[in-house]
Amino acid sequence: MKKAEKKAENNLMEKVVSLCKRRGFVFQGSEIYGGMAGSFDYGPLGVTLKNNIKNLWWKMFVENRTDVYGVDAALLMNSKVWEASGHVSGFSDPLVECKKCKRRFRADHLEDKKKCPECEGELGAERQFNMMFKTHVGATEDDTSVSYLRPETAQGIFVNFKNVLDSLHPKLPFGIAQIGKAFRNEIAPRDFVFRTREFEQMEIEYFFHKKDWEEQFEYWRKQMHEWLKLIGLAGGNVSELEVAPADRAHYSKRTIDFEYEFPFGKKELYGLAYRTDFDLSKHSSESDADLSYFEEETKTRFTPHVIEPSFGVDRTFLAVLCEAYTEDELGGESRTYLKFPLNIAPVKIAVFPLLKNKPELVEKARTIFAELKATFGAVVFDDNGNIGKRYRRQDEIGTPYCVTIDFDTLEDNTVTIRNRNTGEQERVRVSEIAKKII
Ligand code: ATP
């Protein structure tokens with residue numbers, strides 16, 4: 001990439017980060033104490049955007065289907081889970097430390113493994129660093145009380161496979177889905193919410209007979225593209241990377257990374273992995289629980305294989321923001337707006353009385369606001385400053401529609417609806433607002 005291009009892209013990242021703070025999407029974690037590396041807090045608009053993403057995902061992959069069951073497993077699990085899954089022995093990244101400035105880096109992220117990218121000092125020998133956060137559960141701190149904050153939501157699904165089977169009796173193929181926090185003691189958290197030490201995942205483990213794995217893999221790959229369309233990420237910035245066998249996780253027989261063209265480079269957004277029967281077999285042998293499936297039709301018993309579509313919530317959040325960030329000129333003025341799809345926009349409609357010192361306008365605007373809020377939920381009222389300023393404020397947080405109540409509204413019950421992307425304004429009857437917007 002040319003230097004000028006790179007600068008422009010870094011600039012985009014700076015603009016997104018600054019907008020996130022200015023408008024209440026994301027704040028530095030523990031900011032008043034100087035912050036904490038790899039930790040961020042989501043503000044009022046950020047949490048709404050994140051919840052919209054999670055709710056849409058749950059709707060598409062759980063509610064709208066008949067073959068996927070949801071769970072919400074505990075974050076702290078018996079440490080035997082992580083021994084069986086291979087995380088205690090193998091969930092590590094290669095770490096190198098600079099002998100001069102003592103900074104630590106992920107060796108696989110460095111172009112030159114000998115020279116420190118910060119101070120050009122000599123780098124020490126590479127060693128494996130386990131990324132799980134270790135803790136002690138209960139009042140005694142010894143080897144028997146060790147537990148870990150989960151580094152992935154997937155294991156909470158595998159350990160509940162038998163529970164779901166015994167309580168709901170699903171027939172293969174079926175899936176179990178979970179949304180929740182995961183924790184990784186990343187060596188070098190960076191790039192805003194892209195790589196943090198505490199993040200959220202949305203994962204599905206889809207179980208089937210092993211003979212069907214290729215067909216299932218294709219199916220889930222297409223489903224992931226459908227999801228990208230739903231959240232406005234199908235515009236060409238996502239590409240697939242077939243992960244080479246040497247780079248795949250120990251449990252995977254095939255992995256595709258879905259990469260997004262972030263301002264700081266093309267990086268993993270999601271993963272799709274064929275985990276074979278590795279996890280169920282391992283948990284079965286380590287726990288002595290029977291994690292097999294009995295197929296009535298063929299009267300056979302076997303351990304199902306599994307495909308895992310894995311989605312990071314925070315990386316989705318960041319990709320959606322980068323994709324939506326737009327600067328243009330409207331009516332001779334430059335503006336910044338977030339081109340969010342309606343389904344994830346944190347605010348759907350803003351309602352304005354044309355003038356705030358005219359009680360009849362404010363009263364009418366409040367009535368319309370209450371009606372729209374009852375239907376759409378995410379509706380705000382704004383009477384601060386002139387209409388132009390109010391439009392710009394809403395554009396900047398990605399509100400798709402602004403509704404203005406003026407003196408004509410009092411006469412004929414019509415309002416002006418203004419479209420965020422085009423700036424076009426249309427006069428419609430109050431009763432038709434909902435129809436226009438959906
Ligand atoms: P990377 O190679 O970038 O470290 P990974 O291959 O270790 O990622 P997975 O183990 O496949 O990631 O995790 C599944 C998903 O969880 C990722 O696709 C990503 O969206 C999300 N994720 C993983 N690590 C982080 C992190 N540190 N911060 C935010 N999201 C993450």
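Select C322 to begin: in this predicted model, C322 has a relative accessibility of 8% and therefore counts as buried, since the cut-off for that word is under 20%. A search for disulfides through the whole structure returns zero, and C322 accordingly belongs to none, with the nearest cysteine sulfur, that of C20, lying 8.6 Å away.

Keep C20 displayed and add C402, whose sulfur has the sulfur of C20 as its closest cysteine sulfur, at 20 Å, which is too far for a bond because a disulfide requires the two sulfur atoms to be within 2.5 Å. C402 is also buried, because its relative accessibility is 1%.

Now widen the selection around C402 to strand β22, residues 401–405, where five of the five residues are buried, so that the strand is largely enclosed by the rest of the structure. Which way do the side chains of β22 point? If you look along the strand, you will find Y401, V403 and I405 pointing one way, while C402 and T404 point the other way. In a regular strand, side chains alternate between the two faces of the sheet.

Next, show the neighbours of β22, beginning with strand β20, residues 349–353, which pairs with β22 in the parallel sense over five bridges; within this pairing, I349 has Y401 of β22 as its bridge partner. Then add strand β23, residues 414–419, which pairs with β22 in the antiparallel sense over four bridges, and here you can pick out V403, whose bridge partner in β23 is I417.

From the strands, go back along the chain to helix α11, residues 387–397, and colour its buried residues, which are I387, R390, Y391, Q394, D395, E396 and I397. At the start of α11, zoom in on N386, where a side-chain oxygen comes within 3.1 Å of the backbone nitrogen of G388. At the other end, select G398, which follows α11 and has a positive phi, near 85 degrees.

The last stop is the second largest pocket, with a volume of about 300 Å³. Of the 14 residues lining this pocket, those closest to its centre are K80, V81, V159, H283 and S287, so labelled in your viewer they can guide you to the spot. Helices to display around the pocket are α3 (79–85), α6 (161–168) and α8 (278–287), the elements that each give two or more residues to its lining. Which of them gives the largest share of the lining? It is α3, with four residues. If you colour the lining of the second largest pocket by class, you will find six nonpolar, four polar and four charged residues.

Technical notes: Residues are numbered from 1 along each chain as its sequence is written. This is a predicted model: local features need pLDDT of at least 70, side-chain atom pairs count only at pLDDT 80 or more; totals for chains, interfaces and linings use all residues. Side-chain values use heavy atoms; hydrogens and water are left out. Buried means under 20% relative accessible area, exposed over 50%, partly exposed in between (1.4 Å probe, protein chains only). A polar contact is a pair of N or O atoms within 3.5 Å; within protein, one must be able to donate a hydrogen and the other to accept it, and residues adjacent in sequence count only if both atoms are side-chain atoms. Two strands pair if DSSP finds at least two bridges between them. On a 1 Å grid over the protein atoms alone, a cavity is a set of points where a 1.4 Å probe fits but cannot get out, and a pocket is an open set with protein on both sides within 12 Å along at least five of seven lines; lining residues have an atom within 4 Å of a point. Grid points are joined across faces, edges and corners, and a volume is the space filled by probe spheres set on the points. Ala, Val, Leu, Ile, Met, Phe, Trp, Tyr, Cys and Pro count as nonpolar, Asp, Glu, Lys and Arg as charged, and the others, Gly among them, as polar.
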